[in-house]
Amino acid sequence: MKRLVAVVVAVLLLGLGIVLARAVMQTSGARAFPAEVASGAKPPAPDFALPLLTGDGEVTLASLRGQVVVVNFWASWCDPCKDEAPILQDLWITEAQPQGVAFVGIDTQDLSDDARAFAVTYGLTYPLVHDDGGAAGRAWGVGAFPETFVIDPQGRAVAWFPGEVTADGLRDAIATAQASS
Amino acid sequence: MIRRLFMLLAVMLVLVPLASAAQPQFTMSEIESQLMCPTCQSRLDLSHSPAADRIRAFVEKKRLEGWTAQQVKDALVADFGPSVLAAPPAAGIGLVAWLVPIGAVLVGVGIVIALVLVWRRRRSPARVTEAPSATLGIDARIDAELQRLSDEDA
């Protein structure tokens, strides 16, 4: 009888421990990646494989290795994302694409139908993917919208923009990533 | 006449499923309490963030189209992940959240039963051990008294 009670209590403690550990990991690890980028540590960017928002196929970060990559997290309900979208689109068309810089817009914490409508409204032509289930947003520690990261050709994150980017700020970060070795 | 009745029947057979399909399968208040706002970590019915408003609009649209609550939840989980559900799924790591409270209640009941049994066991032996000693005391005194009386007679 005593042994049975001990086993049940041990199982319960284990279960509570798992729940607690998971909660602590989610809280403490949530913003770890942006903090590392902000510190200048150039951490390796977490890979993702996400489906295109429109059409078939997917985009992986690994497939863009060797290029500077601008990764922009956004959502259709986010007001600053509406202000930022024309800046990104303009920079993509006039400077980034001709220089071989890749742009990926990751729609996260959003309804995919709303996101498609957003892309049409703002005429976004760079690759847009949908973060099914929000796993990529969590892995990158995205806590507010929009957030933008610049990845160097070695796959390291060299810049992080919490909130709306400016064209000059993003231009400088791209130049830093291109010079990074 | 019979032809008209058949035509009417045919029309009804088409209309009835269409009408029932478009009937809302759930109420907004029911489902809102079962969903979470993904950006503010509170229940959807308690949140007025932009994301929550968009989810609410989506749910209302699908409700009026005749979707079931489960279909709506499945669509939201596909976009937002399982954290959009207020109750964790009874599978994987979510199963722990279901089993731990049930286990805690069972252990609690077990502890109460065990304490009652121990308490009863402690009380019962006390009576058994007291009785013989009391009886023996009386017997001894009776014997002693009888012995004293017989000695006096002698």
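**Group meeting: two helices of chain B, and what chain A does around them**

Okay, let's start with chain A: 45% of its 181 residues count as buried, where buried means under 20% relative accessible area, exposed means over 50%, and partly exposed is anything in between, with a 1.4 Å probe and protein chains only. Before I go on, this is a predicted model, so local features need pLDDT of at least 70 and side-chain atom pairs count only at pLDDT 80 or more, while totals for chains, interfaces and linings use all residues. Residues are numbered from 1 along each chain as its sequence is written, chains are lettered from A and ligands numbered from 1 in the order in which they are written, and side-chain values use heavy atoms, with hydrogens and water left out.

So, what is chain A built from? It has six helices and seven strands; helices here are DSSP runs of H or I with at least four residues, strands are E runs of at least two, and both are numbered from the N terminus. Reading from the N terminus, the order is α-α-β-β-β-α-β-α-β-α-β-β-α. Among contacts in chain A with a separation of 6 or more, 70% come from residues 24 or more positions apart; a contact means heavy atoms within 4.5 Å. On the outside, chain A exposes about 8700 Å², with carbon and sulfur atoms supplying 61% of that. Those areas come from the Shrake-Rupley method with a 1.4 Å probe, and for residues only the protein chains shown count as cover.

Here's one residue to look at: Val142(A). You'll find Val142(A) in the loop between helix 5 (135-139) and strand 6 (147-151) of chain A. Is Val142(A) buried or exposed? Buried, because its relative accessible area is 17%. Its C-alpha atom is 7.6 Å from that of Phe73(A), although the two are 69 residues apart along the chain. If we leave aside neighbours within four places in sequence, Val142(A) contacts Arg31(A), Phe73(A), Gly137(A), Glu147(A) and Phe149(A).

Now over to chain B, and helix 3, which is residues 50-64. The expected span of a helix is 1.5 Å times one less than its number of residues. For the 15 residues of helix 3 of chain B that gives 21 Å, and the end C-alpha atoms are 21 Å apart, so the two agree. Which residues of this helix are buried? They are Ala51(B), Ala52(B), Ile55(B), Arg56(B), Phe58(B), Val59(B), Lys62(B) and Arg63(B). Looking down the axis, these buried residues fall within an arc of 165°, so they line one face of helix 3 of chain B. That arc is taken from the directions from the helix axis to the C-beta atoms. Their cover includes helix 2 (28-32) and helix 4 (69-80) of chain B. Just past the end of helix 3 of chain B, Gly66(B) has a positive phi of about 95°.

Next, salt bridges: a side-chain nitrogen of Lys or Arg within 4 Å of a carboxyl oxygen of Asp or Glu. How many are there over all chains? The count is 14. One of them joins Arg54(B) and Asp114(A), at 2.7 Å from N to O. This pair crosses between chains, from helix 3 of chain B to helix 4 (residues 112-121) of chain A. Arg54(B) counts as partly exposed because its relative accessible area is 34%, whereas Asp114(A), at 16%, is buried.

Within helix 3 of chain B, Arg63(B) pairs with Glu60(B), with the closest N and O atoms 3.0 Å apart. The two sit three residues apart in that helix, so about one helical turn separates them. Arg63(B) is buried at 15% relative accessibility, and Glu60(B) is partly exposed at 27%. Lys61(B) has a salt bridge too, with Glu65(B), at 3.4 Å between the closest N and O atoms.

Last stop, helix 4 of chain B. Its 12 residues reach 16 Å from first C-alpha to last, close to the 16 Å expected. The buried ones are Val72(B), Lys73(B), Ala75(B), Leu76(B), Asp79(B) and Phe80(B). They cover an arc of only 160° around the axis, which puts them on the same side of helix 4 of chain B. What covers them includes helix 4 and strand 5 (128-130) of chain A, together with helix 2 and helix 3 of chain B. After helix 4 of chain B comes Gly81(B), with a positive phi near 90°.
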